[in-house]
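Open the model in your viewer and keep the selection box at hand. We will go from one residue outward to the whole chain.

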Amino acid sequence: MEKITINGKEFELRKIDFNAVCELEDLGMSIIDIKDKTFKSIRALVAFVEKCDLEKAGKEVEAHLTNKGKINDFTPLFEMVSKSDFFRNLSQQ
């Protein structure tokens, strides 16, 4: 399983299936406008992989960037979605 490091802590990237998409929507992210709302998507994806609320996820993202992290460090989160079988099958319809 692939991992991502945020603020020096390692998290496993989670499987994206129908239930995961519903969970991400509950966190305020739509896979349809994932690229139009980049920061909102990053916060939701961090909350998803860290299994925390949006407030904590936002603080984690801010701390990561404040500590010389780069916005590109979050790319694996977007790849987690785009490379999932569920997303690929959905986008072919």
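Select Val-46 first. Leave out its neighbours within four places in sequence, and Val-46 is in contact with Ile-6, Lys-51, Ala-57, Glu-60, Val-61, Phe-74 and Leu-77. Keep in mind that this is a predicted model.

**The core**

Now widen the selection. Which residues touch the most other members of the largest nonpolar core? They are Ile-16, Val-46, Phe-48, Leu-77 and Met-80, out of 26 residues in that core. Next, colour the elements that give two or more residues to this core: strand E1 (3–6), helix H1 (18–26), helix H2 (38–50), helix H3 (54–66) and helix H4 (75–82). Look longest at H2, which gives the most, with seven residues.

**The two strands**

Go to E1. Show its side chains. Ile-4 and Ile-6 make up the covered face. Lys-3 and Thr-5 make up the uncovered one.

Add strand E2, residues 9–12. E1 and E2 pair in the antiparallel sense, over four bridges. Pick out Lys-3 again: opposite it, in E2, stands Glu-12. Then move to the turn of this hairpin, where two residues lie between the strands. One residue to click there is Asn-7, which takes a positive phi near 55°.

**A buried glutamate**

Select Glu-60 in helix H3. Is Glu-60 buried or exposed? Its relative accessible area is 10%, so Glu-60 is buried, since buried means under 20%.

Show the side chain of Lys-9 as well. A polar contact of 3.1 Å joins the side chains of Glu-60 and Lys-9. Now display what else is around. Not counting residues up to four places away in sequence, Glu-60 touches Ile-6, Asn-7, Lys-9, Val-46 and Glu-50. Val-46, where we began, is in that list.

**The whole chain**

Zoom out and switch to cartoon. Count five helices and two strands. Follow the chain along the sequence and the pattern reads β-β-α-α-α-α-α. The radius of gyration is 13 Å, close to the 12 Å that the globule rule gives for 93 residues, so the protein is as compact as a globular protein of that length. Along the principal axes, the C-alpha atoms fill a box of roughly 40 × 25 × 20 Å.

Colour by burial next: 34% of the 93 residues count as buried. Finally, turn on the surface. The accessible surface comes to about 6,000 Å², and 50% of it belongs to carbon and sulfur atoms.

Note on methods
Residues are numbered from 1 along each chain as its sequence is written. This is a predicted model: local features need pLDDT of at least 70, side-chain atom pairs count only at pLDDT 80 or more; totals for chains, interfaces and linings use all residues. Side-chain values use heavy atoms; hydrogens and water are left out. A nonpolar core is a set of buried Ala, Val, Leu, Ile, Met, Phe, Trp, Tyr and Cys residues joined through side-chain atoms within 4.5 Å. Buried means under 20% relative accessible area, exposed over 50%, partly exposed in between (1.4 Å probe, protein chains only). Contact means heavy atoms within 4.5 Å. Two strands pair if DSSP finds at least two bridges between them. A polar contact is a pair of N or O atoms within 3.5 Å; within protein, one must be able to donate a hydrogen and the other to accept it, and residues adjacent in sequence count only if both atoms are side-chain atoms. The radius of gyration is taken over C-alpha atoms; the globule rule is 2.2 Å times the number of residues to the power 0.38. Accessible areas come from the Shrake-Rupley method with a 1.4 Å probe; for residues, only the protein chains shown count as cover.
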